[in-house]
Each structure stands twice: as structure tokens, then as C-alpha cells.
Amino acid sequence: MLNEALYSLAERFISYIQLEKRYSAHTCTAYRNDLFQFFDYVTLSYGSTPVGDLSHIMIRSWLAKLMEDAMTAKSVNRKISTLKSFFKFCLRQGLIKQSPMIKVIAPKISRRLPGYIEEKGMQALEDNVSPVSVTALHIFANDFEGITHRLIFEIFYQTGIRLSELIALQEFRVDEGNKSVKVMGKGGKERIIPVSPELLAQMRAYMDEKRRCLEEFESGVLLVHPQSGRRLYPKYVYLTVRKYLTEHQITTLKKKSPHILRHTFATHLANNGADLNAIKELLGHSSLAATQVYTHNTIEQLKKVYKQAHPKA
């Protein structure tokens with residue numbers, strides 16, 4: 001019975017972060033899975049345990065098991081974050097007197113530099129000419145599907161938005177007068193991103209072409225599936241980006257996901273002298289710490305220039 005109380009409490013917590021904190025459905029699902037996994041472990045290892053008896057020893061034991069099973073430090077830290085939020089909720093509800101998380105230390109994460117595409121690779125996409133073809137082979141076809149694919153790349157690279165934000169982008173949020181787009185980010189936070197007149201013209205042309213080519217399409221959404229007319233889904237966008245980056249050898253990076261284009265946007269800004277706080281606002285980061293990784297790419301760029309240009313390098 002006590003375990004049922006734990007799972008019920010977890011659902012109350014999920015409702016709280018969903019309705020009051022406005023966490024995304026994806027985040028809520030991840031938090032629920034983390035909590036249920038922890039409760040299952042506790043039940044199996046220690047028997048039925050009320051929330052007030054969940055200790056730092058049980059949590060450390062669970063985390064050690066996860067790391068023994070070769071879970072990465074990054075994934076373990078995410079689960080720690082889930083438990084911290086859960087026990088903070090329990091404190092506010094008066095269910096516990098102290099969070100057991102104060103005696104839990106998160107494992108250190110080795111920070112990898114985010115991969116990005118060189119400017120010449122992005123230039124090939126913008127010029128719509130394959131860099132690996134002897135003849136002037138166009139990367140994107142001139143039909144509605146090709147126009148859709150090209151706009152996906154242009155929006156990713158020129159705005160740095162996330163995949164979920166691209167899919168949710170609405171036509172009415174494209175402000176041609178102010179040369180900007182409004183994006184709904186994580187936690188329902190809205191931010192305004194300036195865009196070039198060229199990208200605005202592409203968006204307008206796409207909206208007109210959509211109405212010309214499709215008899216029916218999902219109302220309000222900017223980008224739609226070229227055949228069904230429904231809003232794009234994550235896997236479609238992921239496979240589209242991967243296909244073009246691979247077929248035309250735009251980059252040598254092993255990982256060819258939409259997020260690489262977000263990293264590329266931020267890195268090119270940093271390498272060309274953009275203020276870090278401005279990049280933070282454009283990316284929709286809640287903390288400057290998340291943006292500071294792009295300064296490392298800038299340093300790497302400086303090292304590269306030094307090595308190529310200095311006679312003593």
C-alpha cells in the first residue's frame with residue numbers, strides 16, 4: 001500500500017510541474033520514468049518504503065547501480081535533477097522535514113565541445129549548390145518538398161531554434177514589420193528572434209506556395225509535411241537534416257542532427273564576435289553557463305588561426 005502512495009505522490013508531482021511549472025510533455029514523461037524507476041528499485045531492494053523513509057543511502061545505491069550498468073554521467077545527473085525537484089516538492093507539501101538529496105553528490109561530466117558545421121558548408125546549403133558535384137547540381141529540388149526542406153535548414157541556421165520550436169512555429173508569429181519571429185521556448189517562455197529580410201521573403205514565399213500546392217493543410221502552422229499538409233513531426237525533420245548533410249558531405253561530423261545546426265548558429269555568432277549574453281538570449285538559455293561552452297569553440301578557432309598564420313606556431 002505504501003508503494004501505491006509513492007506512485008500516487010509522483011503523479012501529483014508530475015501534475016504540479018506540468019500545470020504550474022509548465023514543463024513540456026517530454027520533460028514530464030522523463031521525470032515520471034525516472035521516479036518510477038527509482039521507486040521500483042527501492043521496492044525491490046528495501047521493500048515498501050514511505051516517502052519520509054527514502055534516504056540518501058538508497059539514492060546513492062540506486063545511482064551506483066545505474067553507473068555499474070554503464071549509464072553516462074550526464075544521464076545520471078538528469079535523474080538526480082528529477083529527484084531534487086521531487087523532494088523539493090515534498091518539502092513544500094510538508095511530507096518530509098529534510099531532502100535526502102543534500103547528501104547526494106552528482107558525478108562530474110566531461111564537457112565536450114559542441115560540434116558545428118564550418119561556414120563554407122553552410123554557404124553551400126545557402127547557395128543551393130552541392131560542394132561534391134562536378135556539375136552545378138542543386139542540393140534542394142525546386143518543387144514544394146525541396147522548398148520545405150530548404151526553409152527548414154534556413155530557419156535552423158538563421159535563428160538557432162530547437163527542433164520542437166521549429167515544429168511549433170506559427171504563421172502569425174512571423175512579424176514582417178519588425179523583421180522578427182516569436183518563438184515559444186522551454187517552459188512556455190516566449191522570445192523574439194530578429195531575422196533577415198531574405199529569410200522573411202522565403203517564409204512569405206513558402207506560405208504562398210503552400211496555399212497554391214496543397215488543397216488542405218493544418219491551419220496556423222508555418223511548416224507542413226509536403227504530402228499530408230499536417231505539421232512536421234520530429235523524426236521527419238531529423239531524417240531530412242541527416243539526409244542532406246550526409247548525401248552532400250556538408251560536414252565530416254558523425255552526428256548529423258538538427259541540433260548541430262543550433263550549435264552552428266551559436267558558434268558562428270561567437271566566432272564573429274557576438275556578445276555572449278546576446279547569444280544566450282537568442283538561444284533561449286536560462287543560464288549563461290549553458291552558453292559559455294561556445295567560448296571554447298571561439299578559443300579553438302583562435303588557436304587554428306594562430307597555427308596557420310604565425311611563423312613560430
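Where is Lys 189 found, relative to strand 2 and strand 3? In this predicted model, Lys 189 occupies the loop between strand 2 (180–184) and strand 3 (190–194). Its relative accessible area is 55%, so Lys 189 is exposed. Lys 189 also belongs to a positive surface patch, whose other members are Lys 21, Lys 88 and Arg 92.

From this loop the account turns to a residue in the interior. Phe 86 is part of helix 4, which covers residues 73–92. The relative accessibility of Phe 86 is 0%, and therefore Phe 86 counts as buried. Which residues is Phe 86 in contact with, leaving aside its neighbours within four places in sequence? They are Leu 9, Ala 10, Phe 13, Leu 35, Phe 39 and Val 51. One of these contacts can be followed along the chain: Phe 86 and Leu 9 are 77 residues apart in sequence, while their C-alpha atoms are separated by 9.4 Å.

Charged side chains come next. Side chains of opposite charge can pair when their charged atoms come close. How many salt bridges does a search of the whole structure find? The search finds 16 salt bridges, and three of the pairs are described here, beginning with one that involves helix 4.

Lys 79 and Asp 34 form a salt bridge in which the closest N and O atoms are 2.8 Å apart. This pair links distant parts of the chain, since Lys 79 is in helix 4 and Asp 34 is in helix 2 (residues 25–46), with their positions 45 residues apart in the numbering. Are the two partners buried or exposed? Lys 79 has a relative accessibility of 6% and therefore counts as buried. Asp 34 has a relative accessibility of 1%, so Asp 34 counts as buried as well.

A second salt bridge joins the side chains of Arg 211 and Glu 171, at 2.9 Å from N to O. Arg 211 lies in helix 8 (residues 197–213), whereas Glu 171 lies in the loop between helix 7 (163–168) and strand 1 (174–175), so the pair ties together parts that are 40 residues apart in sequence. Arg 211 counts as partly exposed because its relative accessibility is 44%. Glu 171, in contrast, is buried, with a relative accessible area of 14%.

The third pair consists of Glu 190 and Arg 173, whose side chains meet in a salt bridge of 2.7 Å, N to O. Here too distant parts of the chain are linked: Glu 190 is in strand 3, Arg 173 is in the loop between helix 7 and strand 1, and the two are 17 residues apart. Glu 190 has a relative accessibility of 44% and therefore counts as partly exposed. Arg 173 has a relative accessible area of 17%, and because buried means under 20%, Arg 173 is buried. Salt bridges that share partners also join Asp 34, Arg 78 and Lys 79 into one network.

The surroundings of Arg 173 extend beyond its salt bridge. Apart from its neighbours within four places in sequence, Arg 173 is in contact with Ser 180, Val 181, Lys 182, Met 184 and Glu 190.

The last part of the account concerns helix 3 and two loop residues. Glu 68 is placed in helix 3, which covers residues 56–68. With a relative accessible area of 65%, Glu 68 is exposed. Glu 68 and Val 104 are 36 residues apart in sequence, and their C-alpha atoms are 17 Å apart in space.

Beyond helix 3, in the loop between helix 3 and helix 4, is Ala 70. Ala 70 is exposed, because its relative accessible area is 64%. What is the phi of Ala 70? Its value is near 70 degrees, which is positive although the residue is not glycine. Most residues other than glycine have a negative phi. Lys 179 also has a positive phi, of about 50 degrees, and is not a glycine either. Lys 179 is located in the loop between strand 1 and strand 2. Its relative accessible area of 40% makes Lys 179 partly exposed.

Key
Residues numbered from 1 in each chain as written. Predicted model: local features only at pLDDT ≥ 70, side-chain atom pairs only at ≥ 80, totals over all residues. Heavy atoms only, no water. Helix = DSSP H or I, 4+ residues; strand = E, 2+ residues; numbered from the N terminus. Buried < 20%, exposed > 50% of the residue type's maximum accessible area, 1.4 Å probe, protein only. Contact = heavy atoms within 4.5 Å. Patch = residues over 30% accessible without salt bridge, like charges linked within 9 Å, V, L, I, M, F, W, Y side chains within 5 Å. Areas by Shrake-Rupley, 256 points an atom, 1.4 Å probe, with all protein chains shown as cover. Salt bridge = Lys/Arg side-chain N within 4 Å of Asp/Glu carboxyl O. Lys, Arg positive; Asp, Glu negative; His and termini not counted. Charge placed at Lys NZ, Arg CZ, Asp CG, Glu CD.
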